[in-house]
Protein chains: 4
Amino acid sequence: MKWSKRFKKNLSKKFISYNSSLNIDRNLIKEEISCLKAHVKTLLKAKIIKNFEKKKIINFLDSLKKININKKIEDIHLNLENLIIKKLGEIGKKIRISRSRNDLVTTELKMFIKRKTNKIIFYIKKLLKVILKIAKKNYKKIMPGFTHFQIAQPVTLGHYFLSYCEMYLRDLKKFENNFYFLNFMPLGSCALAGSNYKIDKFLLSKELKFKYICRNSIDAVSDRDYVLDFLYAISLFFLHSSRMCEEFIIFSNKIFNFLDLPDEFCSGSSIMPQKKNPDFLEIFRSKTSIVFGNLFSFFSIMKSLPLSYNKDYQEDKSIVIKSLEIFFSSIKILIPFIKKIKFNFKNMEKNSTKDFSLSTDLADYISKKGIPYKKSHGIVSNIVSYCIKKKKKIDYNICKKFLKKFGLKNINNVLNAKKSIRKKKGIGSTNPKFIKKEINRIKNII
Amino acid sequence: MKWSKRFKKNLSKKFISYNSSLNIDRNLIKEEISCLKAHVKTLLKAKIIKNFEKKKIINFLDSLKKININKKIEDIHLNLENLIIKKLGEIGKKIRISRSRNDLVTTELKMFIKRKTNKIIFYIKKLLKVILKIAKKNYKKIMPGFTHFQIAQPVTLGHYFLSYCEMYLRDLKKFENNFYFLNFMPLGSCALAGSNYKIDKFLLSKELKFKYICRNSIDAVSDRDYVLDFLYAISLFFLHSSRMCEEFIIFSNKIFNFLDLPDEFCSGSSIMPQKKNPDFLEIFRSKTSIVFGNLFSFFSIMKSLPLSYNKDYQEDKSIVIKSLEIFFSSIKILIPFIKKIKFNFKNMEKNSTKDFSLSTDLADYISKKGIPYKKSHGIVSNIVSYCIKKKKKIDYNICKKFLKKFGLKNINNVLNAKKSIRKKKGIGSTNPKFIKKEINRIKNII
Amino acid sequence: MKWSKRFKKNLSKKFISYNSSLNIDRNLIKEEISCLKAHVKTLLKAKIIKNFEKKKIINFLDSLKKININKKIEDIHLNLENLIIKKLGEIGKKIRISRSRNDLVTTELKMFIKRKTNKIIFYIKKLLKVILKIAKKNYKKIMPGFTHFQIAQPVTLGHYFLSYCEMYLRDLKKFENNFYFLNFMPLGSCALAGSNYKIDKFLLSKELKFKYICRNSIDAVSDRDYVLDFLYAISLFFLHSSRMCEEFIIFSNKIFNFLDLPDEFCSGSSIMPQKKNPDFLEIFRSKTSIVFGNLFSFFSIMKSLPLSYNKDYQEDKSIVIKSLEIFFSSIKILIPFIKKIKFNFKNMEKNSTKDFSLSTDLADYISKKGIPYKKSHGIVSNIVSYCIKKKKKIDYNICKKFLKKFGLKNINNVLNAKKSIRKKKGIGSTNPKFIKKEINRIKNII
Amino acid sequence: MKWSKRFKKNLSKKFISYNSSLNIDRNLIKEEISCLKAHVKTLLKAKIIKNFEKKKIINFLDSLKKININKKIEDIHLNLENLIIKKLGEIGKKIRISRSRNDLVTTELKMFIKRKTNKIIFYIKKLLKVILKIAKKNYKKIMPGFTHFQIAQPVTLGHYFLSYCEMYLRDLKKFENNFYFLNFMPLGSCALAGSNYKIDKFLLSKELKFKYICRNSIDAVSDRDYVLDFLYAISLFFLHSSRMCEEFIIFSNKIFNFLDLPDEFCSGSSIMPQKKNPDFLEIFRSKTSIVFGNLFSFFSIMKSLPLSYNKDYQEDKSIVIKSLEIFFSSIKILIPFIKKIKFNFKNMEKNSTKDFSLSTDLADYISKKGIPYKKSHGIVSNIVSYCIKKKKKIDYNICKKFLKKFGLKNINNVLNAKKSIRKKKGIGSTNPKFIKKEINRIKNII
């Protein structure tokens with residue numbers, strides 16, 4: 001088969017398969033049909049075809065259930081054209097007018113990403129609801145908070161889980177913001193210079209639910225920023241989730257023993273009979289890097305490409321779909337996974353005061369007695385040093401030794417995790433009172 | 001020097017230098033002072049310090065001109081504290097209360113990025129104005145438009161340059177959108193759990209010009225999404241510009257000979273006396289990859305990090321500043337560079353009709369006579385094939401040979417680049433009429 | 001289904017599919033069987049099984065033609081075990097002894113990569129032969145050589161194509177060097193601590209054709225350096241090829257018109273009837289970025305992973321196979337593609353002296369008359385400047401104007417590309433005499 | 001200042017600074033002088049200069065102590081030329097003959113990388129010695145070994161640290177292998193086509209200690225594979241080290257409490273008086289991503305660049321030097337850091353048998369009584385499940401319950417970590433006997 005009469009040689013079979021995007025395109029068949037229907041309507045309006053022709057084509061397209069794909073034809077657009085010609089003859093040969101794959105592929109990819117973004121938003125909200133529920137149920141349970149992955153201060157489970165809500169809320173916002181550029185329609189730009197026909201772009205955009213029309217046809221067929229925006233937002237979602245995976249893997253190690261992972265999503269070892277491994281969390285964590293790699297591949301593809309359309313773009317759909325598959329398969333497990341985690345509250349609370357994690361409270365206590373904080377910091381620093389040496393915990397007696405001049409009446413309230421979290425003030429803090437309010441606030445916005 | 005009394009050994013000198021962020025921090029001195037002043041005001045409001053103490057500190061901070069940095073002290077925060085203690089004694093030791101570097105560094109980095117983003121926006125607008133001016137001056141000059149980097153159809157210089165305007169307008173929008181998350185204030189989150197003091201966060205945010213307050217202190221000290229957003233936006237700017245660099249490098253090759261680059265920004269060869277090299281464009285193009293690498297590095301840094309603050313974040317400021325330096329040094333040359341490019345209009349126009357670039361117009365012409373486009377496409381394909389074989393251009397005689405049954409009255413209007421561009425219809429197209437309007441539209445929005 | 005009796009809940013179906021590596025593993029079935037056969041032999045030697053048991057298992061494995069894969073079983077190892085148990089009963093339950101997937105998966109991946117590396121080397125040599133043939137046929141044809149993508153000096157086509165041979169020869173060397181680490185056998189490391197049985201690792205390594213045995217079982221199951229080495233070598237191959245693709249795309253633009261690409265590997269435009277697009281080269285170029293992304297994904301996966309085996313590694317095979325598919329599908333077209341390119345020698349030669357590309361020869365000519373090169377450089381620089389202003393080429397008359405004091409007898413030999421290339425001296429130069437020798441040298445080493 | 005007489009306009013100051021590589025070049029001054037000396041010797045041999053001229057130049061170069069750099073001159077090569085002309089007049093103007101920066105910069109960078117690679121090898125060996133010493137001292141101390149970061153089997157500290165030795169030994173090998181391509185000399189390739197003079201490349205290579213001569217001058221000035229090889233090897237070193245950093249950070253968390261980090265390399269918190277943070281390990285871990293980013297940037301820079309020299313390469317030296325600075329500053333601390341870590345052996349040993357980590361030994365014990373391993377695996381799986389339910393450890397009584405039909409004489413030897421490690425067999429295993437031998441083997445090869 002020759003590509004067209006301009007070519008003297010038949011296409012190489014290997015090249016047909018290398019060049020083909022059918023395996024990917026078939027995911028966009030819905031968008032392809034919508035675009036063709038809209039195109040046909042504008043052809044009618046521009047008086048390029050007649051009403052009966054339009055009707056025949058639309059009816060045929062509406063009647064299509066499954067499309068038999070001819071693998072020798074390089075893409076979905078030419079496949080569909082071919083089908084119509086087979087069915088409707090000459091009429092089918094008219095549709096190609098003012099129709100270039102350059103603007104078509106990017107229009108359809110935008111529509112596809114819009115459709116999928118809505119689905120993504122749905123799942124992130126579902127995830128948020130599950131996390132919120134756990135936060136609510138355990139809003140005043142105590143666990144160690146870490147900085148530099150060393151025990152720092154006691155915090156509440158509610159606070160901890162709400163921090164992930166914040167991240168996922170930002171992700172939601174990112175995906176929602178992406179609609180802005182996704183709503184500029186490239187269709188009608190033709191190859192790159194615009195059409196010789198009075199194609200009604202406003203009709204097109206109305207039919208295809210775009211809000212705006214691309215203002216420059218060279219840019220319209222060259223631009224793939226929206227693909228990067230999409231890959232970027234997915235990368236952030238995975239970045240955030242990878243942190244949770246990492247923590248859950250460590251927290252489920254029996255030395256930490258903070259949580260028991262659900263059997264349904266773990267697997268064992270072929271040689272070690274006792275093993276229960278956090279496979280899901282590990283695979284999720286590694287998929288994060290795959291998603292990053294996709295983003296960076298596409299940055300590297302786009303760099304230094306001359307305008308306008310280049311075949312290099314063909315990888316866009318494949319990258320988008322690979323990232324989507326990873327997203328959906330991962331989040332669909334993450335949601336029930338989180339729901340079924342069991343927490344070892346006792347162990348978490350016990351460890352929350354290890355490593356002198358109430359020292360800041362103690363230093364604040366001292367400062368409230370009139371000592372500048374830098375000095376209080378120094379005194380407590382001394383106490384900690386002493387306790388490490390003597391292998392002791394900070395207690396009333398030790399405080400007395402270092403804080404002779406003070407009354408230490410309430411010192412046991414200071415050296416107490418439950419009291420510590422309640423002393424924290426206002427917006428953002430780990431105080432259960434605030435956490436409760438915050439849970440409600442978030443519930444209302446998703 | 002020991003870090004504090006909790007440590008038994010002196011710090012290693014090598015470690016002091018490895019751990020130090022002073023060289024980077026010093027760029028944020030302005031933000032550091034603002035934060036400290038706001039902090040002191042809240043300390044007064046919370047009755048932790050007295051009015052005269054507040055005044056002394058603020059006066060001292062206001063009087064500071066150049067800060068003598070002590071390299072043994074690991075960062076700018078402790079340096080400033082140290083200075084105040086030296087000057088004001090005991091009072092200075094009070095400021096550390098409820099003040100953690102964990103929330104401080106991220107607050108200041110957000111403020112810094114806000115400040116720099118405004119500067120970036122200023123320069124991108126400046127760049128846009130220069131490009132618009134060129135587009136306006138040459139709005140109907142003709143050049144070849146490329147797809148697959150093969151000559152495709154004639155377009156106008158105005159159209160070509162406006163396509164870059166579209167990209168830069170998207171970049172503007174990205175930077176402007178970034179303000180949303182940059183306007184959430186982390187300050188007051190303390191180490192990670194919140195403060196034991198009634199620090200007035202609304203006062204803080206008003207003083208520091210943040211619109212919102214972070215809703216979760218764990219997330220507040222953990223989050224670096226805004227750094228990624230910033231690096232991402234810069235990456236897109238460079239991605240777009242790298243395409244222009246690539247084209248200008250090729251266009252200035254004497255075989256293309258579309259443009260002459262300004263002597264002021266080119267250099268020569270030590271051995272080849274004739275050489276004039278597009279060094280600026282090449283360096284700019286390669287800086288694109290450096291900027292991408294920075295984004296990738298930071299993604300890789302953040303992946304799988306447990307909450308909350310980790311010292312790994314310390315690279316954030318350094319990466320941001322490196323990307324900023326690249327941005328400003330590059331755009332400051334790009335602007336005058338573009339302004340001074342000289343175009344070889346004759347050569348551009350001559351090449352605009354090479355490689356049968358008016359074939360689409362010819363096929364449209366045929367279709368307007370009632371032939372379905374797929375057929376017209378085939379006929380012209382045949383004509384092109386014939387011309388290649390005979391080493392001829394498409395002309396009246398050849399058309400006559402293939403299109404016997406048609407009148408070819410207006411065929412010379414079809415085989416004419418100047419007419420071709422004027423036949424393009426509506427929004428986005430290369431038609432000079434539209435380009436003119438579009439230039440005005442953009443001028444009004446920047 | 002529960003994973004084992006240690007688990008209380010049935011595995012989630014979604015998780016089974018997420019966790020499964022079967023689609024990938026099936027590529028390694030050959031290696032899996034070899035490993036199992038070798039394992040069984042060592043079990044006999046360690047007297048864990050009896051001779052008749054060994055024979056039964058080996059016979060069964062030898063008889064296997066197609067393996068019916070049970071998708072509920074998470075990988076190929078357990079699938080094969082399951083098959084054996086079904087067929088041989090109790091005997092089959094014995095093979096799992098001292099057999100961990102941790103060492104198995106990495107052993108098999110090494111074997112797989114060794115097998116594929118040999119195939120890669122075969123294809124790179126094939127590619128080299130094709131390029132060498134072109135170089136030989138056109139060893140003294142003249143084309144412009146570029147620096148900064150500006151015309152610099154005339155070079156020969158032979159020289160140009162040999163430069164790609166050098167790159168591919170380096171790639172060959174990289175792949176060959178990779179065998180060193182691929183030849184360390186991890187098998188027998190078991191889960192991570194080593195085996196409780198006297199498994200004869202030397203027997204294993206002999207059976208499986210490894211040269212050395214891993215010296216540390218923790219490292220043996222943790223190490224994936226060899227995967228990175230492989231991805232790195234592939235990345236370099238694509239990096240080199242992407243440069244050729246880029247050049248061929250530009251060279252086939254009709255403004256350059258250096259070469260005609262083979263119809264068999266190009267495609268057209270649905271709207272523009274004249275188009276012949278270098279799709280293959282563009283897709284190849286973009287696959288380069290995919291291959292880079294794979295390398296970086298795997299770097300990002302491995303970063304900061306605690307020892308020893310982590311499920312994150314599971315992506316290794318998938319990444320390797322994806323990169324392999326890209327490699328083979330691409331090189332299999334690249335070879336005939338290059339073979340069928342047609343060169344427009346006239347046009348190449350004509351352009352080789354554009355942009356004053358013989359200036360260095362002229363400056364050398366002047367220096368040979370006793371002028372220090374920096375001065376000669378300045379003089380020719382002046383001549384070029386004059387010619388640009390006057391829109392002239394350098395010729396005898398102009399030289400006379402600037403070089404009054406010299407005899408200019410041989411000046412026409414200097415201003416001649418054919419003579420220029422023959423003046424170049426020795427190893428590495430563009431001189432056809434050297435190129436001819438070099439072609440023979442390379443032919444002998446591949 | 002104009003670049004040369006071929007340029008009509010003065011160079012822009014901003015461009016001079018953008019284009020300048022002086023800040024980076026100055027690191028290669030040693031190589032620059034060596035190259036110039038070698039060049040002068042070949043000029044003498046080729047009779048282009050006279051003996052007294054050669055001597056004057058060499059003497060001047062030998063007498064140079066500190067070079068006063070003129071920032072207006074764009075690089076070190078032209079700076080040096082300028083100095084010589086100032087000192088020696090006309091003679092200095094002769095040296096530029098047959099001398100191009102295109103081959104010079106890559107020759108010098110290769111020499112520089114060779115020099116630094118030797119230093120890198122020195123430091124990795126030093127690091128290996130420190131690790132070996134720790135391994136030797138604690139070769140039979142017991143710690144938990146992890147898979148999926150869950151406790152898997154007891155291993156020895158010796159075994160654990162030797163696994164890092166294996167990684168660093170591989171890194172050594174990589175750096176050593178890099179010398180092969182670093183030993184091909186590009187000098188004498190001139191701009192890209194070779195020299196018009198009989199420059200003796202063998203003399204050059206002998207003087208500059210290269211083993212081989214580049215076989216293709218186009219490739220010689222285009223090739224930067226050796227830069228990627230270098231960045232790749234550094235990336236692997238950091239990858240390996242990042243895993244150790246990650247483990248040490250977790251191991252020093254007081255819940256694990258496996259080790260105490262040296263005070264000298266840790267720092268505290270401005271607000272939390274008790275904190276001792278593993279800053280060094282965290283910064284090292286994040287530098288890993290910077291090093292990866294550098295590699296990625298350079299891949300992205302090189303992709304699709306046409307031959308031969310492009311100014312894009314200028315980033316090579318800057319990237320190399322940044323990666324080198326990170327390497328040296330990091331390893332110089334890593335070495336004393338590791339040396340000073342204190343191990344909490346008791347805690348490590350105690351945790352080594354947590355989470356039923358001797359289950360594999362138990363299953364092996366059962367199999368040795370004649371039960372196929374898959375069954376033994378099932379039995380122990382049952383025991384573990386029972387113990388989890390009952391919150392018990394595996395002991396004699398529980399075993400009796402599940403293994404009625406067996407004599408359990410030696411069962412306490414099975415349920416014992418110290419015995420477990422000694423049961424492991426042969427090369428690579430955690431058995432202290434083997435570890436001891438292995439330490440000696442490695443000591444002998446570094």
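So, how many salt bridges are there between chain A and chain C? The count is six, where a salt bridge is a Lys or Arg side-chain nitrogen within 4 Å of a carboxyl oxygen of Asp or Glu.

Quick housekeeping before I go on. This is a predicted model, where local features need pLDDT of at least 70 and side-chain atom pairs count only at pLDDT 80 or more, while totals for chains, interfaces and linings use all residues. Residues are numbered from 1 along each chain as its sequence is written, chains are lettered from A and ligands numbered from 1 in the order in which they are written, and side-chain values use heavy atoms, with hydrogens and water left out.

Okay, staying with A and C. One of those salt bridges joins C:Glu315 and A:Lys287, at 2.7 Å from N to O. There are also 30 residue pairs in polar contact across this interface, both residues at pLDDT 80 or more. By polar contact I mean N or O atoms within 3.5 Å; within protein, one must be able to donate a hydrogen and the other to accept it, and residues adjacent in sequence count only if both atoms are side-chain atoms. On the chain A side, the elements giving two or more residues are helix 1 (13-19), helix 12 (279-302) and helix 13 (315-340). Helix 12 of chain A brings the largest share, 15 residues. Helices here are DSSP runs of H or I, at least four residues, numbered from the N terminus.

Each of the two chains puts 61 residues into the contact, meaning heavy atoms within 4.5 Å. They bury about 5,500 Å² between them, 59% of it on carbon and sulfur atoms; that's accessible area (1.4 Å probe) lost on being put together, summed over both parts.

Now over to chain B against chain A. Here 109 residues of chain B touch 109 residues of chain A, and the buried area is about 10,000 Å². On the B side, B:Asn196, B:Arg215 and B:Arg243 lose the most area, together 9% of what that side buries. The rule finds 14 salt bridges across this interface. B:Glu81 and A:Lys374 make a salt bridge, with the closest N and O atoms 3.8 Å apart.

Last thing, cysteines. There are zero disulfides over all chains, a disulfide being two cysteine sulfurs within 2.5 Å. Why does A:Cys214 have no bond to A:Cys35? Because that closest cysteine sulfur is 13 Å away, too far for a bond. A:Cys214 is also buried, at 10% relative accessible area, and buried means under 20% (1.4 Å probe, protein chains only). D:Cys190 is buried too, at 2%.

Methods: Buried area = accessible area lost by both parts, 1.4 Å probe. Buried < 20%, exposed > 50% of the residue type's maximum accessible area, 1.4 Å probe, protein only.
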